[in-house]
Amino acid sequence: MIYARIAGTGSFLPGEPVSNDDLVARGIDTSNDWIVERTGIRTRHLAASDVTSSDLACEASRRAIAAAGLQPEDIDLVVVATSTPDCIFPSTAALLQAKLGIRNGAAAFDVQAVCTGFVYGLTIAEKFIRSGSHKRALVVGAEVFSRILDWSDRGTCVLFGDGAGAVVLEASDAPGILATALHADGSHHPILCVPGGVASGQVIGDPFLRMDGQAVFKFAVKVLGEVAHEVLADAGVQPETVDWLIPHQANIRIIQATAKRLGVPMDKVIATVDRHGNTSAASIPLALDLAVRDGRIRAGQRIIVEGVGGGFTWGAALLQF
Ligand code: ACO
């Protein structure tokens, strides 16, 4: 039997942290107290205008590949989860492949599932590896969400940040991903979307992220609880035997409510939303890498990663690290 396991992690955040007070100083009608109380966010990173998702992905990927003890040429599948691609085409994955110097004919494609994108990408890559068709996949979440924010909409612009996280997933004799679940229900798209499209050489309609925050909050708490239970039941694993929960980092109150529903204490939850804000598809691999590098996550531990995002999409994976 072929399994897939995470062999290395990496992440990258652009520039210096931008505090809530920095946003106030930039003219946004908000306050540190409001943002911290409603979201838990204290800082986020914002990429310079000439930095793209593939730039951030490249730095995170180099670190993940090095952590796995590999060279870029060892990768035979590149999957990038992003809602902020460098361009309409080619895919950000193909551009990343070129930046990494992978010239071995590896497959490369993007996944668009917004904040669930990394869980989607991980699940897809796992199936490629378990089929025997590929041996080492680079799975990346990379975003420059600051590009699709309406900086005059204080209800959304304070919530997001830019960054990238990556893992190398490789074939293994022992189980590394114990269970996965992916879902979507496109009927909920009006509560979180970037409605604009491209036609006749220009963006038609609204190019910025629009959100009904309270509706998103309720939906997120419900499905994050359900999908975590789903992967636990699928693997026959009890919640109390899980070492770490890594939910999508949108809002500390969503994270706390999800942990409570699962009966997981907050000291078993990896939370980075205070420092990173919501980095969409990058949030889970960023949090995973941080906790691996600071020594909290160790070999042999069980981890749930789970996400929810526009679409709506949601999903989870139970990992044996
Ligand atoms: N600073 C100060 N005041 C603000 C700000 C701000 N940045 N934003 C909104 N307000 C004001 C509003 O204008 C409103 O004022 P009013 O009462 O005078 O009309 C008041 O604060 C309350 O606004 P609400 O939208 O009702 O605030 P709420 O308590 O719902 O908090 C929030 C808003 C933080 C967005 C919350 O709904 C939330 O976290 N929702 C989840 C959304 C989320 O995390 N999305 C991420 C993307 S989705 C994903 O990743 C899955």
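## The cavity

The largest cavity in this predicted model has a volume of about 30 Å³. How many cavities of 30 Å³ or more does the structure hold? Just one.

Six names make up the wall: Arg 5, Ile 6, Gly 176, Leu 319, Gln 320 and Phe 321. Two elements each put two or more residues into that lining, namely strand S1 (3-12) and strand S15 (313-320). Sorted by class, the lining residues come out as three nonpolar, two polar and one charged.

## How confident the prediction is

If you're wondering how far to trust the coordinates, the predictor's own scores look like this: the mean pLDDT of the protein is 97, and 100% of the residues reach at least 70.

Where does confidence sit lowest, and where highest? The low end is strand S11 (residues 202-204), with a mean of 89, while strand S4 (residues 77-81) takes the top spot at 99.

## The annotated C-terminal stretch

UniProt, in an unreviewed entry, puts the feature "domain: Beta-ketoacyl-[acyl-carrier-protein] synthase III C-terminal" at residues 232-320. In the model, the C-alpha atoms at the two ends of residues 232-320 are 12 Å apart. As for secondary structure, the span is 34% helix and 22% strand.

## Gln 301

Gln 301 sits in the loop that runs between helix H10 (283-293) and strand S14 (302-309). Is this residue, Gln 301, buried or exposed? Its relative accessible area is 10%, so Gln 301 counts as buried, the cut-off being under 20%.

What does the side chain of Gln 301 touch? One partner is Trp 244: the two side chains share a polar contact of 2.9 Å.

## Ser 133

Over to another loop, the one between helix H5 (117-131) and strand S6 (136-144), which is where you'll find Ser 133. With a relative accessibility of 45%, Ser 133 falls in the partly exposed class, because that class covers values between the buried limit of under 20% and the exposed limit of over 50%.

Ser 133 has polar partners worth pulling up in your viewer. Its side chain makes a polar contact of 2.8 Å with the side chain of His 134. A polar atom of the Ser 133 side chain also lies 3.2 Å from the backbone oxygen of Phe 128.

There's a through-space relationship here too: Ser 133 and Asp 76 are separated by 57 residues in sequence, yet their C-alpha atoms are 9.5 Å apart.

Notes: Residues numbered from 1 in each chain as written. Predicted model: local features only at pLDDT ≥ 70, side-chain atom pairs only at ≥ 80, totals over all residues. Heavy atoms only, no water. 1 Å grid on protein atoms, 1.4 Å probe; cavity = no way out; pocket = protein on both sides within 12 Å on 5 of 7 lines; lining within 4 Å. Points joined across faces, edges and corners; volume = space filled by probe spheres on them. Helix = DSSP H or I, 4+ residues; strand = E, 2+ residues; numbered from the N terminus. Nonpolar A, V, L, I, M, F, W, Y, C, P; charged D, E, K, R; others polar. pLDDT = per-residue confidence, 0-100. UniProt positions renumbered as here; feature names shortened; annotations may be inferred. Buried < 20%, exposed > 50% of the residue type's maximum accessible area, 1.4 Å probe, protein only. Polar contact = N/O pair within 3.5 Å; in protein donor to acceptor, adjacent residues only side chain to side chain.
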